[in-house]
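Visitor: I've got a fold on my screen and I'd like to talk it through. Can you walk me around?

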Amino acid sequence: LVAMRIGILTFHYACNYGAMLQTYATQEFLRSMGHEVRVVDYRNKFVENGYATWNFRKDLLKTLPRAFSRMVRNSRFRHFMKKRMALSKEPFDDFDILLFGSDQIWNERITGGFDRIYWGDFQTKARKVAWAASANVLSFSDMEYVAKCLSGFHAISVREESLRELISRIAPVKCVQDPTLMLDKREWESLSGPSWDGGYVLAYPMLCDELVIKAARSIAEDKGLRLVILSKNASYRPYKNMVQWAGPEEFVSYFAGASHVVTSSFHGTSFSVIFRKKFISVVEPGKRNLRVESLLHRVGLENRISDGTNLDSIDLPLDNGLINRILAEIRHEAVNFLNESMSW
C-alpha cells in the first residue's frame with residue numbers, strides 16, 4: 001500500500017483524557033502503517049468553550065479557585081498536545097485522506113448542532129473516510145442531512161454497533177473499535193513512564209459520579225486499599241483523595257498502576273481492558289451507556305457492567321488469553337478497514 005498524507009479531524013484540542021489519547025493513538029497507529037500523519041487544527045468553539053479556564057459566575061469566591069484549577073490542568077493538556085501531536089493548519093486539499101474521528105464528532109449535543117466540518121459538508125480533493133466516528137445516540141434530528149453528508153464519504157466506520165445499525169439504513173458502514181485499543185499495553189506504558197504504586201482502587205467517574213465514588217470507596221475499604229479519585233475536570237471543592245491536575249500521561253500511569261478500577265467512562269473502561277485490570281463499569285440504574293456496552297460486548301466482558309451495587313463482579317477472573325486474541329482481531333479489522341479505504 002502506498003504511503004498517504006493523512007489529516008485527522010477530531011476533538012484533539014479538548015482538555016479531556018479520552019479525546020487527547022484517542023487522537024494520539026490514531027496518529028501513532030497510522031504512523032506504524034507507514035503513513036505521513038497530521039492532526040488538522042480545526043476546533044469546534046462549542047466544544048472548546050466547554051473547557052475554558054474562565055467560566056464567570058456571580059459567586060467569585062467559587063469562580064476564582066475553579067479558574068486556577070482549570071488553568072493548571074489545561075496547561076498540562078496543552079503541553080501534551082504540543083509535544084505529542086503533529087498539528088497542521090494546511091488546506092484540506094493538501095491531504096490524500098481526511099480521517100474523520102474518532103470520538104463523538106457526530107454527537108449534535110456535544111458539538112452544538114451538526115458541525116459541517118466534522119460531517120464532511122464541504123468540497124475537497126482529499127478522500128473522506130470516517131474512522132470509528134461516534135455519537136452515542138439512537139437517532140439524529142435530521143436524517144436527510146446525515147444521508148447527504150455520508151454520501152460524500154469513500155468509506156465509513158463507526159465505534160458503536162447501535163450507530164452502525166442506524167447508519168446502515170442509508171450508507172455502507174462498518175464497526176471498528178476505539179483507537180486507544182490499537183496500541184498495546186507496552187506502547188501505552190512507554191508513553192506514561194513508571195506507573196504509580198499499585199496498592200489502590202482507582203475511581204474515574206464520567207457519569208453518575210456519586211455512584212462511582214461510593215462503589216470505589218466501598219471496594220477500597222473492603223480490601224484495605226487506599227482510594228484514588230481521578231477527576232474528569234477541575235472543580236472548586238474536590239473530594240478527599242481526588243487528583244484533578246493530572247496530565248494525559250499521568251492519567252495512563254494511574255490506570256497502569258491500579259489494582260482495581262471503578263469507572264463510568266468509556267475510555268476508563270478502554271484503559272481498564274488494555275491494562276487487564278480488575279474493574280467494573282458503572283451505569284446508573286434504568287439507563288444505558290451504549291458506548292461502554294458495545295465495547296464490553298466485543299471483548300466478552302459484559303459481566304463488568306454494574307449498577308453500583310453488585311460490586312463482587314470486580315473480582316471475576318479475566319481470561320487474558322481470550323482478551324489478547326480479541327484485541328488482536330480488533331487491530332486486524334482496523335488495519336483491513338484502513339487499507340481498503342485508502343486503496344485507490
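Visitor: What percentage of the contacts with a separation of 6 or more comes from residues 24 or more positions apart?

Guide: First, the ground rules: this is a predicted model, where local features need pLDDT of at least 70, side-chain atom pairs count only at pLDDT 80 or more, and totals for chains, interfaces and linings use all residues. Residues are numbered from 1 along each chain as its sequence is written, and side-chain values use heavy atoms, with hydrogens and water left out. A contact means heavy atoms within 4.5 Å. For pairs 24 or more positions apart in the protein chain, the share is 75%.

Visitor: How many helices and strands are there?

Guide: Both are DSSP runs numbered from the N terminus, with helices (H or I) needing at least four residues and strands (E) at least two. On that basis the protein chain has 12 helices and 13 strands.

Visitor: And why call the chain as compact as a globular protein of that length?

Guide: Take the radius of gyration over C-alpha atoms, and set it beside the globule rule, 2.2 Å times the number of residues to the power 0.38. The rule gives 20 Å for 344 residues, and the chain is as compact as a globular protein of that length because its own radius is close to that, at 20 Å.

Visitor: Which strands sit at the edges of the open sheet?

Guide: Two strands pair if DSSP finds at least two bridges between them. Six strands line up as E10-E9-E8-E11-E12-E13, with parallel pairing. E12 (residues 278–282), for instance, has two bridges to E13, and Ser281 has Ile305 of E13 as its bridge partner. Pairing on one side only marks the edge strands, E10 (242–243) and E13 (305–306).

Visitor: Is strand E1 largely enclosed or open, and which residue of E2 stands opposite Ile8?

Guide: Buried means under 20% relative accessible area, exposed over 50%, and partly exposed in between, using a 1.4 Å probe and protein chains only. Five of the five residues of E1 (residues 5–9) are buried, so this strand is largely enclosed by the rest of the structure. Arg5, Gly7 and Leu9 point one way, Ile6 and Ile8 the other. E1 runs parallel to E2 (residues 36–40) with four bridges, and opposite Ile8 stands Val39.

Visitor: How many residues of helix H9 are buried?

Guide: H9 covers residues 248–257. Among its buried residues are Glu249, Phe251, Tyr254 and Phe255. Of its 10 residues, the buried count is nine.
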